[in-house]
Structures are given as structure tokens and as C-alpha cells.
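This briefing goes through one protein model by topic. It starts with the fold and then turns to cores, salt bridges, cysteines and surface.

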Amino acid sequence: MDKKQSNPMEWLNQMVGEPYYFFHFLAFFSYFIVRSSASNVLSPQITQLLFYREIQAVLAFFMLIAYKMAREETWEAFIADTLFFGKIFLIALTIIMDYHLTLWYLVVFSVIYVLTQQPPYEELGSASKLTPLQLEALLSEGNTSRFWLVEFRASFSSGCRRASRCFPELSITCSNKNLSFGIVDLGLFPNAAEKFRISPGGSMGQLPTYILFENAIEVSRFPEFNFEATPTPPITKRLLARHFELDRHLLEYVNGK
């Protein structure tokens, strides 16, 4: 994971200002309050067992976090996985104390899931936010870029939020006069999904979808139409660059082709 793509102050501000992070922080912090109170009512055997399980949970948690830190490319995906693992270990520990407490935390996390969502990466990089009409106009004019790589996303999709950083950062590296980057929000323009043959919902939703246009004609997309046959891998900058051969497009631009 790129250490330069975020900073501690940015995430501290988000933790305080974003309900998704703030409510998760309160839920996890409440465990320490409950744990200190439970020490006075639990038997010595249960207290000792809980202590051993807490040590095991902490060690396993940090091992998983270290693995994810090496594997994940975006902070959004890393934070989402970190919170997920934290919930699993917290629920497992509360089962040892009292199943009523487990049910309470399950309700709390369910309410957080329903009422809040993880905020996506807000920067655009060199990409442009487009309406479907603007995209059609740019593709049909013919006096703009020869290639347009367009990301179709929606804020309700967890996959879009996890990958929201990849496309803007990729646009900074690869955009040029021959290749432009655009973003269309299908949450704001749902009718565009049918026009570009994208399935936004269901268990096999295709969001985010990336389409490369050359002179207004679609030449490639990810995921492919037969994406149900094989699982779609996590979206990364390397994956998009390889699939759409962005290095080749950049070299062609540099060589004047």
C-alpha cells in the first residue's frame, strides 16, 4: 500500500467528522468500558480465559492487518478490512463474557451499517466528473482526446468506495492529450447504466465498470460481459493499467503516434 497517499491528520479528521468512522470508534471504545466493568462480576476462571483470548485476538488482528497493509493498494480498502476484522474479534470476545452483550454489539454494528456508509475518496486527480450528456458530447465531437477511459461508479456500491482512490491517481499518471479520464456517477444518473450496458445492482453487480472509448467507439471494458464466469479481482491501479494497456498508450503519445 502506498504510504504517501494519505496522512494521519487526514484520517484523524475523518474519524471525528465522518459518522461512519466516529460511530465505529465509539463502538470499539465502549468495549474497554464494558471490559473493566465485567472484571468485577466475572469469575476468576472466565476472567483468565478472556484475558488469554484477548491476547490471541490482538496477535491475530495485527497479523491480518500487516498482511492487508502489504496487499491492499488503497487506504479505503485497508480501513474497510481493518474494521471488518475488528468487528469479528470483538464479537468473538463478547461471547465469552455474555451472549446478551454479543447481541447488543450485533445490533449496534447493524445500525451503523444501515445508517452510515464509508466515505469514498473525494479527489478527482486529472479526471473529470461528467454527466451522460457531457460524455456523449465529448465522444461525438471528435476534437478532444482520441481515447476516453471512463469510470462508472455509484456511492451505494462498497466496491466503488473501496476502489475510489485508484482511478483519480491513475489519471494523474497516465492522462495526456490522447487519453482523457472521466467519471460518471450512476447513483445520480441511473438511466445511463442501461445505455452503457452496465448492471449496477444485485449480487453480481458490475460496479465500478471501466470503459475505454476510441473515437467514440467502445474498444474495451472491465469487468467483461462474461464476468459471472470468473470472479472479478479487486480493483487496483496495476490491474487497470494492464487491462487497458495504459503504458502502451502513454508511449505512443510520447513517440508522437
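Cys 166 counts as buried, because its relative accessibility is 1% and the limit for buried is under 20%. The model is a predicted one. Its protein chain has eleven helices and five strands, and buried residues make up 42% of the 257 residues.

**Cysteines**

- Cys 160 also counts as buried, with a relative accessibility of 5%.
- The structure holds zero disulfides, so no pair of cysteine sulfur atoms lies within 2.5 Å.

**Chain-level totals**

- Among contacts between residues at least 6 apart in sequence, 69% join residues at least 24 apart.
- The accessible surface of the protein chain is about 14,700 Å².
- Carbon and sulfur atoms account for 63% of that surface.

**Nonpolar cores**

- In soluble globular proteins, nonpolar side chains tend to be buried together.
- The largest nonpolar core has 19 residues.
- The residues with the most contacts inside this core are Leu 149, Leu 179, Phe 181, Tyr 210, Phe 244 and Leu 246.
- Three strands each supply at least two residues of the core: strand 2 (147-153), strand 3 (179-185) and strand 4 (209-214).
- Helix 8 (166-174) and helix 10 (237-243) likewise each supply at least two residues of this core.
- Apart from this core lies another, of 17 residues, which includes Ala 154, Ala 193, Ile 198 and Phe 213.
- Leaving aside residues up to four places away in sequence, Leu 149 touches Phe 167, Leu 179, Ser 180, Phe 181, Gly 182, Tyr 210, Ile 211, Leu 212, Phe 244 and Leu 246.

**Salt bridges**

- The structure holds ten salt bridges.
- One of them pairs Arg 35 with Glu 54, with the closest N and O atoms 2.6 Å apart.
- Arg 35 lies in helix 2 (residues 19-38) and Glu 54 in helix 3 (residues 44-71), so this salt bridge ties together parts that are 19 residues apart in sequence.
- Arg 35 counts as buried, because its relative accessibility is 14% and the limit is under 20%.
- Glu 54 counts as buried as well, at 15% relative accessibility.
- Arg 153 forms a salt bridge with Glu 151, and the closest N and O atoms of this pair are 2.6 Å apart.
- Both Arg 153 and Glu 151 are buried.
- Arg 165 forms a salt bridge with Glu 169, where the closest N and O atoms are 3.8 Å apart.
- Both Arg 165 and Glu 169 are buried.
- Through salt bridges that share partners, Glu 76, Arg 165, Glu 169 and Lys 237 are joined into one network.

**Nonpolar surface**

- A nonpolar surface patch of about 670 Å² is made by Phe 22, Phe 23, Phe 25, Leu 26, Phe 29, Phe 32 and Ile 33.
- Phe 22, one of the patch residues, has its place in helix 2.
- Phe 22 counts as partly exposed, because its relative accessibility of 32% falls between the 20% limit for buried and the 50% limit for exposed.
- Helix 2 thus holds Phe 22 of the patch and also Arg 35 of the salt bridge to Glu 54.

Technical notes:
Residues numbered from 1 in each chain as written. Predicted model: local features only at pLDDT ≥ 70, side-chain atom pairs only at ≥ 80, totals over all residues. Heavy atoms only, no water. Salt bridge = Lys/Arg side-chain N within 4 Å of Asp/Glu carboxyl O. Helix = DSSP H or I, 4+ residues; strand = E, 2+ residues; numbered from the N terminus. Buried < 20%, exposed > 50% of the residue type's maximum accessible area, 1.4 Å probe, protein only. Core = buried A, V, L, I, M, F, W, Y, C linked by side-chain atoms within 4.5 Å. Contact = heavy atoms within 4.5 Å. Patch = residues over 30% accessible without salt bridge, like charges linked within 9 Å, V, L, I, M, F, W, Y side chains within 5 Å. Areas by Shrake-Rupley, 256 points an atom, 1.4 Å probe, with all protein chains shown as cover.
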